[in-house]
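This report describes selected features of one protein model, for a reader working at the bench. Please consult the sequence and the structure alongside the text.

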Amino acid sequence: EETALGTAAPVPSTITPMLATITEQPPEGGGWVYEIKWDGVRAVCFVEKGKVRAIGRKGTPITTQYPELAELAACLDAETAILDGEIAAPDERGRPSFERLQPRIMASGARKIAQLAQSRPVRFFAFDLLYLNGRDLREVPLEDRHRLLTRHLKPAGAIALSEQFPVSGAELLHAAREQGLEGILAKHVRSRYHAGRSRE
């Protein structure tokens with residue numbers, strides 16, 4: 001069944017991320033899933049032949065900034081894949097802290113980057129799978145893409161899976177606020193992956 005999903009296509013050289021639309025209240029009702037909003041840096045990661053290449057929200061290469069991303073290849077049961085996710089720097093309590101991440105964003109030079117990777121480690125929270133083993137999945141519904149992601153990604157070390165919570169949006173938003181987190185994301189299970197802002 002997996003091989004029937006998506007469209008046979010070469011690996012795209014770049015991808016413009018899908019972006020959320022801000023609302024005061026999360027949408028409720030059937031068809032929505034909810035995730036924590038990680039306060040970090042967006043990263044689209046291309047995995048080919050054991051190598052990882054990452055680009056930021058605006059298409060800028062960010063691979064050298066975050067050596068931890070190299071671990072992604074070993075956590076993935078795939079020849080080629082593209083994952084969408086967020087790089088975050090958790091504090092002592094495990095909450096993402098943009099303040100902790102900021103020096104990593106600005107760092108340059110191999111030595112400085114290596115030092116910061118030790119003192120301010122980051123984690124990559126994968127939340128979407130856009131390409132897998134020769135097939136473009138962007139026109140496949142989110143629920144199927146997420147199922148494939150959980151099947152092919154084995155989180156370890158700096159690589160994590162962004163969990164979808166089986167509660168209402170209001171409940172998760174309340175819990176996120178209690179924990180001092182930035183917010184939540186609501187995603188429609190039937191949504192396709194399109195560049196730019198979306199209400200899905």
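Helix α3 (residues 110-119) contains the buried residues Ile113, Leu116 and Ala117; buried means under 20% relative accessible area, exposed over 50% and partly exposed in between, with a 1.4 Å probe and protein chains only. Helices (H or I, at least four residues) and strands (E, at least two) are DSSP runs, numbered from the N terminus. The three buried residues lie on the same side of α3, because they cover an arc of only 105° around the axis, the arc being that of the directions from the helix axis to the C-beta atoms. The face of α3 turned away from this buried side carries the exposed residues Arg111 and Gln118. Among what covers the buried residues of α3 is α2 (98-106).

The model is a predicted one, in which local features need pLDDT of at least 70, side-chain atom pairs count only at pLDDT 80 or more, and totals for chains, interfaces and linings use all residues. Residues are numbered from 1 along each chain as its sequence is written, and side-chain values use heavy atoms, with hydrogens and water left out.

**Nonpolar cores**

In soluble globular proteins, nonpolar side chains tend to be buried together. A nonpolar core is here a set of buried Ala, Val, Leu, Ile, Met, Phe, Trp, Tyr and Cys residues joined through side-chain atoms within 4.5 Å. The largest such core has 30 residues, and those with the most contacts inside it are Leu72, Leu83, Ile87, Phe124 and Leu153. At least two residues of this core come from each of β4, β5 (51-55), α1 (72-75), β6 (80-88), β7 and α4. A second, separate core has eleven residues, including Tyr34, Trp38, Ala160 and Leu172.

Contact means heavy atoms within 4.5 Å. Leaving aside neighbours within four places in sequence, the contacts of Phe124 include Ala43, Cys45, Leu69, Leu72, Leu83, Ile87 and Ala160. With residues up to four places away in sequence not counted, His146 touches Phe127, Ser162 and Gln164. His146 belongs to helix α4 (residues 142-152) and is buried, with a relative accessible area of 10%.

**Aromatic rings and cysteines**

A pair of aromatic rings is described by the distance of the centres and the angle of the planes. Rings of Phe, Tyr and Trp (its six-membered ring) pair if their centres lie within 6.5 Å; planes under 30 degrees apart count as stacked, over 60 as edge-to-face and the rest as tilted. A search of the whole structure finds one aromatic pair. It is formed by Trp38 and Phe125 and is stacked, at 3.9 Å centre to centre and 10° between the planes. Trp38 lies in the loop between β3 (32-36) and β4 (41-48) and Phe125 in strand β7 (residues 123-132), so the pair ties together parts that are 87 residues apart in sequence. Trp38 and Phe125 are both buried.

Arg53 lies over the face of Phe46, at 4.0 Å from the ring centre; a charge sits over a ring if NZ of Lys or CZ of Arg is within 6 Å of the ring centre and within 35 degrees of the ring normal.

How many disulfides does a search of the whole structure find? The search finds zero, a disulfide being a pair of cysteine sulfur atoms within 2.5 Å. Cys45 is in no disulfide, and the nearest cysteine sulfur, that of Cys75, is 12 Å away. This separation is too far for a bond. Cys45 is buried, with a relative accessible area of 0%, and Cys75 counts as buried at 7%.

**Loop residues**

Most residues other than glycine have a negative phi, and most peptide bonds are trans. Lys49 has a positive phi, near 50°, and that of Asn133 is also positive, near 45°. The table places these two residues with two others found in loops.

| Residue | Loop | Relative accessibility |
|---|---|---|
| Thr14 | between β1 (7-8) and β2 (18-19) | 47%, partly exposed |
| Lys49 | between β4 and β5 | 77%, exposed |
| Ser108 | between α2 and α3 | 57%, exposed |
| Asn133 | between β7 and β8 (135-136) | 40%, partly exposed |

Thr14 and Ala54 are 40 residues apart in sequence and 9.7 Å apart in space, C-alpha to C-alpha. Apart from neighbours within four places in sequence, Thr14 is in contact with Phe46 and Ile55. Ser108 and Leu5 are 103 residues apart along the chain, and 40 Å separates their C-alpha atoms.
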